[in-house]
Structures are given as structure tokens and as C-alpha cells.
Amino acid sequence: MKLYYTPGFCSLSPHIVLHELGGQFDVERVDVATKTTETGADFRAINPKGYVPALRLGDGEVLTEGAAIVQYLADSNGAQHLAPEPGTLARARLQEQLNFIASELHKAFGPLFHGATGEAKDAAVANVGNRLDHMERQFADGRAYLLGDHFSVADAYLFVVARWTGPTGIGLARWPRLSTFVERVRQRPSVVAAMAVEGLA
């Protein structure tokens with residue numbers, strides 16, 4: 001398998017999951033501005049959507065969308081500790097978390113990475129804050145991870161997106177439980193390894 005990534009982007013989530021699984025895989029960096037890979041390939045020929053992540057499987061198939069990739073990786077490797085069994089309520093809860101992170105939290109950061117200023121920036125910051133309020137409440141019962149006591153693929157995604165509060169200047173001071181979660185996940189060997197490869201350590 002080969003993961004196409006851009007440092008610090010949401011592709012860090014499947015990168016972490018690949019390290020959690022411990023198997024063999026390759027990575028190739030993508031310049032999202034020029035849509036070329038580090039070997040000079042046209043990334044749009046790999047993923048016509050033009051954005052990371054993309055995972056090329058052993059048979060040549062390419063899978064896109066981070067939430068789909070991380071679930072596929074867990075399922076295809078029998079890693080029920082990373083994703084509960086399909087058809088269970090626990091799996092629906094995982095998908096609930098992944099969908100919220102993707103469609104609400106991740107998306108809310110968009111304007112802040114695309115030059116929003118003035119009232120538009122203020123509105124975007126408020127929007128992100130509302131969604132971080134929701135994530136903070138997920139940990140009100142003292143759970144270590146989104147689904148309870150065990151790290152899942154949803155935690156990898158939340159960790160990546162929550163880190164974006166740094167470069168956007170939002171920070172996590174208002175969300176102490178979420179901040180504690182981020183620090184906990186940051187210590188995982190899989191996260192340390194993925195971040196080192198991406199030059200984020």
C-alpha cells in the first residue's frame with residue numbers, strides 16, 4: 001500500500017492508523033499547490049479530487065476520503081481495537097464521531113486556511129469554537145478516548161484536526177479535556193512515528 005499525504009493535513013490520520021497496524025506500507029508526499037507528488041507524478045491522475053489523503057492498495061485500486069480509509073484499514077486488518085465490528089451499535093458510534101469530525105469540525109477550519117479576514121474570520125473562529133465545545137463534552141464522563149477506554153480510528157482523526165487550533169491561533173485553553181486528550185494521543189508510538197516522517201515532531 002502507498003499513502004499519499006501532505007504534512008499536517010488530514011492525511012496524518014490514516015498515516016497514524018497505518019503505524020498502529022504495524023504492517024509494511026509506503027508514503028509519498030504531495031504538493032497540494034502544484035498537485036504533484038514528490039516523484040513528479042500528477043496527483044490528479046491518482047486522485048481526481050486533487051486532495052489528500054489517497055491510499056493506493058496492493059491491487060492498484062485507490063481509496064480516498066480519510067474516514068473511509070481508516071475504517072477500511074482497521075477492517076481489512078481485523079483490528080477491532082481500532083474500529084468496532086460492522087453492524088454493531090459501537091460501530092455506528094464510531095461512524096457518528098467520524099462523520100461529525102469530517103463534516104462539521106474539519107470543514108469549519110476551511111475559511112481559516114483560505115485567508116478569511118474580518119467578520120468572516122470571526123465567524124469561522126466562532127464556528128470552530130462551537131464544534132470544539134461539542135468535542136469537549138465527549139470527555140465529560142472522564143473517558144480517555146472517544147469510544148471509551150480504547151484508542152480508535154476516530155481518535156486519530158480528532159487528534160489531527162484538534163492540532164489545527166495551533167496554526168490558526170485558536171489554541172485549546174478553553175477546552176482542557178480536549179487538550180488533555182491531544183497530549184495523551186501525542187505520546188502514542190504510532191503518532192510519534194507518523195509525525196516524525198512528516199517532519200512535525
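Biologist: In this predicted model, what makes β2 and β3 a pair of strands?

Modeller: Two strands count as paired if at least two bridges are found between them, and β2 and strand β3, residues 36-37, are joined over 2 bridges in the antiparallel sense, so the criterion is met. As for an individual partnership, Asp31 has Thr36 in β3 as its bridge partner.

Biologist: What lies between β2 and β3 in the hairpin that they form?

Modeller: The hairpin has 4 residues between its two strands, and in the turn Lys35 has a positive phi of about 60 degrees.

Biologist: How do you know that β1 is paired with β2, and in which sense do the two strands run?

Modeller: The requirement is at least two bridges, and 4 bridges join strand β1, residues 2-5, to strand β2, residues 26-31, so the two are paired; they run parallel. Within this pairing Leu3 stands opposite Val27 in β2.

Biologist: Which helix belongs with β1 and β2 to the β-α-β unit, and what is the hand of that unit?

Modeller: Helix α1, residues 12-21, makes the unit together with β1 and β2, and the unit is right-handed. The term applies because, with the strands pointing away from the viewer, the path from the first strand over the helix to the second runs clockwise.

Biologist: Turning to the helices, why is α4 called roughly parallel to α7?

Modeller: The axes of helix α4, residues 89-108, and helix α7, residues 153-163, cross at roughly 15 degrees and come within 9 Å. Angles under 35 degrees count as roughly parallel, and therefore α4 is described as roughly parallel to α7. The contact involves residues of α4, including Leu94, Leu98, Ile101 and Leu105, and residues of α7, among them Val153, Tyr157 and Val161. The crossing of these two helices is left-handed.

Biologist: And why are α3 and α4 given the term roughly antiparallel?

Modeller: Helix α3, residues 66-76, packs with α4 at an angle of about 150 degrees, their axes being 10 Å apart. Because angles over 145 degrees count as roughly antiparallel, α3 and α4 are placed in that class. The crossing in which α3 passes α4 is right-handed.

Biologist: Which residues of α3 and α4 meet?

Modeller: From α3 the residues are Ala67, Val70, Gln71 and Asp75, and from α4 they are Arg91, Leu94, Gln95 and Leu98.

Biologist: Where does the record place the GST N-terminal domain?

Modeller: The UniProt entry, which is unreviewed, places that domain at residues 1-81. Over those residues the chain is 31% helix and 22% strand, with the end C-alpha atoms 21 Å apart.

Key: Residues are numbered from 1 along each chain as its sequence is written. This is a predicted model: local features need pLDDT of at least 70, side-chain atom pairs count only at pLDDT 80 or more; totals for chains, interfaces and linings use all residues. Side-chain values use heavy atoms; hydrogens and water are left out. UniProt positions are given in the numbering used here, feature names are shortened, and annotations may be inferred rather than shown by experiment. Axes are lines fitted to C-alpha atoms, for helices over the stretch in contact, and angles run from 0 to 180 degrees between N-to-C directions. Angles under 35 degrees count as roughly parallel, over 145 as roughly antiparallel, 65 to 115 as roughly perpendicular and the rest as oblique. A crossing is left-handed if the near helix is turned anticlockwise from the far one by less than a right angle, and right-handed if clockwise. Contact means heavy atoms within 4.5 Å.
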